[in-house]
Amino acid sequence: DRLLASDLPPVTQGWPIALSAEPRSTLGWLPSRDGRRILVVGAAGSGRTSTLRRFAWAHAASGRPVAWVAGKGQPPSAPLPTLVTVVTPDAPEPLVALRRRHPDLLVLVDDAELLRDTAVEPIVNEIARLVDRDDAAIVVAVDGSAPPQVRGLVPSIASYRCGLILQPGDRSAGDLLGLRRLEPLDGTPGRAYVVRHGHPIE
């Protein structure tokens, strides 16, 4: 659960995010190729926050800033890089200021299902809309067992069908990313599907 990007074998392009099953190698995520809007789906304890931390460490290693939007209002207990700015749902000002200085920043959103009707939600939605123009990226983590939302940040990001499905335990786990009747994986920590433009890779 504490696997960091630095723990993974190097990749030639993109952020190292996961180990593939066959062949055993590191999967890299290159935003310009694999998508700039990424949805991380998983139940409680599946590693959503740890996955966001891997993105944070990988991006900060390039010297570029990261914004961490904490849906629950608190940053993760594990350390974050010094280049990460933590933003709470009701105080979006640090995110606005950071984006003015660095429009190409990476925005990480934890517990995104909790952002509905908060002050930060419209700011995050605007950033998500403009990531292609700004050479930016956004990674949104959501509780896969939360009630589905028909509008807002989560369905918007999900419509691009790019992301990670962590420890899918039943065939409905991929529904958010448009993957019907996805083959479940066992409960081994760290097992997941990486989804690029609607195509899952274990």
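**Exercise 1.** In this predicted model, find the partner with which glutamate 126 forms a salt bridge, and work out whether each residue is buried, partly exposed or exposed.

*Solution.*
- Start with the pair: glutamate 126 bridges to arginine 129, and their closest N and O atoms are 3.1 Å apart.
- Now place them. Both sit in helix H4 (residues 121–129), three residues apart, which is about one turn of the helix.
- Next, check the accessibility. Glutamate 126 has 31%, so it counts as partly exposed. Arginine 129 has 55%, and since exposed means over 50%, arginine 129 counts as exposed.
- Elsewhere, Arg33, Asp34 and Arg196 are joined into one network by salt bridges that share partners.

**Exercise 2.** Which parts of the chain does the salt bridge between arginine 37 and aspartate 132 tie together?

*Solution.*
- The closest N and O atoms of arginine 37 and aspartate 132 are 2.8 Å apart.
- Arginine 37 belongs to strand S3 and aspartate 132 to helix H5 (residues 131–134), so the bridge links parts 95 residues apart in sequence.
- Look at the two ends: arginine 37 is buried at 7% relative accessibility, while aspartate 132 is partly exposed at 48%.

**Exercise 3.** Work out the strand order of the eight-stranded open sheet, and say which strands stand at its edges.

*Solution.*
- Reading across, the order is S5-S4-S6-S7-S3-S8-S9-S10, with mixed pairing.
- Strand S5 (84–87) and strand S10 (199–201) are the edges: each has a single partner strand, so one side of each has no neighbour in the sheet.
- On average, neighbouring strands are turned by 20° against each other, direction ignored.
- Zoom in on one pair: S3 (residues 37–42) and S7 (residues 137–143) run parallel, over six bridges. Within that pair, valine 41 has valine 142 as its bridge partner.
- Finally, add helix H2 (residues 48–60). H2 packs on the sheet, touching S3, S4, S5, S6, S7 and S8, and its direction makes about 165° with that of S6.

**Exercise 4.** Is tryptophan 68 buried or exposed, and which residues beyond its neighbours within four places in sequence is it in contact with?

*Solution.*
- Locate it first: tryptophan 68 lies in strand S4 (residues 66–70).
- Its relative accessible area is 0%, and buried means under 20%, so tryptophan 68 is buried.
- Its contacts beyond those neighbours include Thr49, Leu52, Pro76, Leu80, Val86 and Leu108.
- Take Leu80: the C-alpha atoms of tryptophan 68 and leucine 80 are 9.5 Å apart, with their positions twelve residues apart along the chain.

Notes
Residues are numbered from 1 along each chain as its sequence is written. This is a predicted model: local features need pLDDT of at least 70, side-chain atom pairs count only at pLDDT 80 or more; totals for chains, interfaces and linings use all residues. Side-chain values use heavy atoms; hydrogens and water are left out. Helices (H or I, at least four residues) and strands (E, at least two) are DSSP runs, numbered from the N terminus. Buried means under 20% relative accessible area, exposed over 50%, partly exposed in between (1.4 Å probe, protein chains only). Contact means heavy atoms within 4.5 Å. Two strands pair if DSSP finds at least two bridges between them. Axes are lines fitted to C-alpha atoms, for helices over the stretch in contact, and angles run from 0 to 180 degrees between N-to-C directions. A salt bridge is a side-chain nitrogen of Lys or Arg within 4 Å of a carboxyl oxygen of Asp or Glu.
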